[in-house]
Amino acid sequence: MSIISAYMVPHPPLIVPEIGKGQEQAIEHTIKAYHEAAQRIGREQPDTIILFSPHQVMYSDYFHISPGKGAKGDFSNFRAGNVKMEVSYDTEFIKKLCELTDNAFFPAGTDGEREKQLDHGTMVPLYFVNQYWKNYKLVRIGLSGLPLIMHYELGTYIRRTAEMLDRKVILIASGDLSHRLKEDGPYGYRKEGPEYDRRIMDVMERGAFGELLSFSEDFCEKAGECGHRSFTIMAGALDKTGVLPERLSYEGSFGVGYGICCYKVTGSDPSRDFRTQYEAEQKNQLQQLRQGEDCYIRLARTTIDTYVRTGNIIDVPQDLDKEMSHRRAGVFVSIKEDGRLRGCIGTIQAVQTSIAEEIIANAISASTEDPRFSPIEPWELDRLTISVDVLGEKEKIDSPEQLDPKRYGVIVTKGHKRGLLLPNLEGIDTVEEQIAIAKRKAGIRENDPVELERFEVIRHEVAPTN
């Protein structure tokens, strides 16, 4: 045996009657579908349940797998401490999974546990499952800030582990959909909220798992979803596997999307090799992008490739034009991997003797010294897209009305604290957002008055064609 089925489920605590106290009736279709899914699990009688939860320990660059023999939990945080549960972990499965990821230098394991107690993203699904089947062991896995393709890849290690141990395994991908469906919802309304829910339910009811990888990080963030990474790990665990998908329900009564889908495994299907298909598409797109890179981006890329692979700093090329070799200016180098920011470091005003030297210095810093990210590894180099911003002269302004986030970057200053945000950034649509983010970067409180400066940039980038 191996993975026999998988389930996409939400985790609203109020669906538990002791918490909802009647409110749960507003999502009665979700409750009915949850019982149907749990009954199916009861009939399947799995040896092991592998559950992915957004509310488990989460790191930016590491997947946490709960260690130990088991854990307990209750809903005391939701005023229902009398509702309790205890689980035993499948320690053999966890050990074998960690061996596979360790051998592949894949960033997953049992290190870094901060909270042993079960989270509600785990307990809500198990509240229903336990009504129909309790003779299972659990593997509880958190999400990460790593790209979606790495969540998918983690799933492939899970599938291999299940095959090696000959377990009867089911997967539970715990996650709500958008939290931004209604003005009176928990996070208000954004147009991306309903759009995300329409797209994700279409993808999941068709079992078109490869399309999960095409959701941009910016779109997911604006939609306020929480389950996309859970669904993507589940998809990876079903890599090259035929499934019979079935949509059981969707509701958004409280301004949050709740979707339930089931996937019965039908056997091997090599055509559903979505990881290889995605990577081939990405490689082709990156090759096309590189053909359009100008000398500014090529210099940054050569710098990064050389430094990450060898630790050596390149010399300034001799064949550069006078703009790069003789002019001085502040420069920012931005790096993305699979659409996600991977590093961005720059200088507000010139520090080096030329733009070329400024690019070299800041490209090294962006790839190895951005405190938000770990240093870039050699295996990532072929997945990077790079842009270079050459800053114009700063200009003091008296009012935010003199800003335009598409045209001008902003510098905010309060005392010795200073923050900068570049112009025309994806997802930054208003002056208010631009100033607020610049303040946060500088460690300035939201309501503190600041001095404002604006500047224009010449951006060197190659936009994707799709």
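**Exercise 1. Phe-63 in its surroundings**

Work out whether Phe-63 in this predicted model is buried or exposed, and what it touches.

*Solution.* Start with the accessible area: for Phe-63 the relative value is 0%. The cut-off for buried is under 20%, so Phe-63 counts as buried. Next, place it: Phe-63 belongs to strand β3, residues 63–64. Now list the contacts, skipping neighbours within four places in sequence. One run of partners is Phe-106, Pro-107, Ala-108 and Gly-109. Another group includes Gly-142, Leu-143, Ser-144 and Leu-146, and Met-150, His-151 and Leu-154 are also on the list. Finally, check one pair by C-alpha: Phe-63 and Ser-144 sit 81 residues apart along the chain, yet their C-alpha atoms are separated by 5.6 Å.

**Exercise 2. The cores**

Find which residues have the most contacts inside the largest nonpolar core, and which helix gives the most to it.

*Solution.* First, the core itself: it has 94 residues, and the best-connected ones are Phe-52, Ile-158, Leu-171, Met-204, Phe-209 and Met-234. Helix α5 (residues 148–165) is the top contributor to this core, with nine residues. Then pick Phe-52 and look around it. Leaving out residues up to four places away in sequence, its contacts include Ile-158, Leu-171 and Met-234, along with Ile-141, Leu-143 and Ile-233. Ser-174 and Ser-230 touch Phe-52 too. Last, look elsewhere: there's a second, separate core of 26 residues, with Tyr-296, Ile-314, Ile-355 and Ala-366 among them.

**Exercise 3. A hole in the model**

Say how many cavities of 30 Å³ or more the whole structure holds, and what lines the largest cavity.

*Solution.* A search of the whole structure turns up one cavity of 30 Å³ or more. The volume of the largest cavity is about 50 Å³. Now go round its wall: Tyr-7, Val-9, Tyr-34, Ala-37, Ala-38, Ile-41, Pro-125, Phe-128, Val-129 and Ile-172 make up the lining. Sort them by element, and β1 (3–9), α2 (28–44) and α4 (120–129) each supply at least two. Of the contributors, α2 gives the most, with four residues. Then sort by chemistry: the lining has 10 nonpolar residues, no polar and no charged ones.

**Exercise 4. Helix α12 and its cover**

Decide whether α12 is largely enclosed or not, and name what covers its buried residues.

*Solution.* Begin with the geometry. Helix α12 (residues 355–368) has 14 residues and reaches 20 Å from its first C-alpha to its last, close to the 20 Å expected. Next, count the buried residues: 11 of the 14 are buried, so the rest of the structure largely encloses α12. The buried ones aren't just aliphatic: Glu-358, Asn-362, Ser-365 and Ser-367 are among them, alongside Ile-355, Ile-359 and Ile-360. The cover includes α10 (295–310), α11 (322–326), β11 (331–337), β12 (340–346) and β13 (384–391). Now zoom in on Ser-387, which lies in β13. Ser-387 is buried, at 13% relative accessible area. Beyond its sequence neighbours, Ser-387 touches Phe-332, Val-333, Ser-334, His-460 and Glu-461.

**Exercise 5. Positive phi without glycine**

Place Gln-45 and Asp-166, both with positive phi, in their loops.

*Solution.* Take Gln-45: phi is about 50°, though the residue isn't a glycine. Gln-45 is in the loop between α2 and β2 (48–53), and it's partly exposed, with a relative accessible area of 40%. Now Asp-166: phi is near 55°, again positive in a residue other than glycine. Its loop runs between α5 and β8 (169–174).

Definitions and conventions: Residues numbered from 1 in each chain as written. Predicted model: local features only at pLDDT ≥ 70, side-chain atom pairs only at ≥ 80, totals over all residues. Heavy atoms only, no water. 1 Å grid on protein atoms, 1.4 Å probe; cavity = no way out; pocket = protein on both sides within 12 Å on 5 of 7 lines; lining within 4 Å. Points joined across faces, edges and corners; volume = space filled by probe spheres on them. Nonpolar A, V, L, I, M, F, W, Y, C, P; charged D, E, K, R; others polar. Core = buried A, V, L, I, M, F, W, Y, C linked by side-chain atoms within 4.5 Å. Buried < 20%, exposed > 50% of the residue type's maximum accessible area, 1.4 Å probe, protein only. Contact = heavy atoms within 4.5 Å. Expected span 1.5 Å × (residues − 1).
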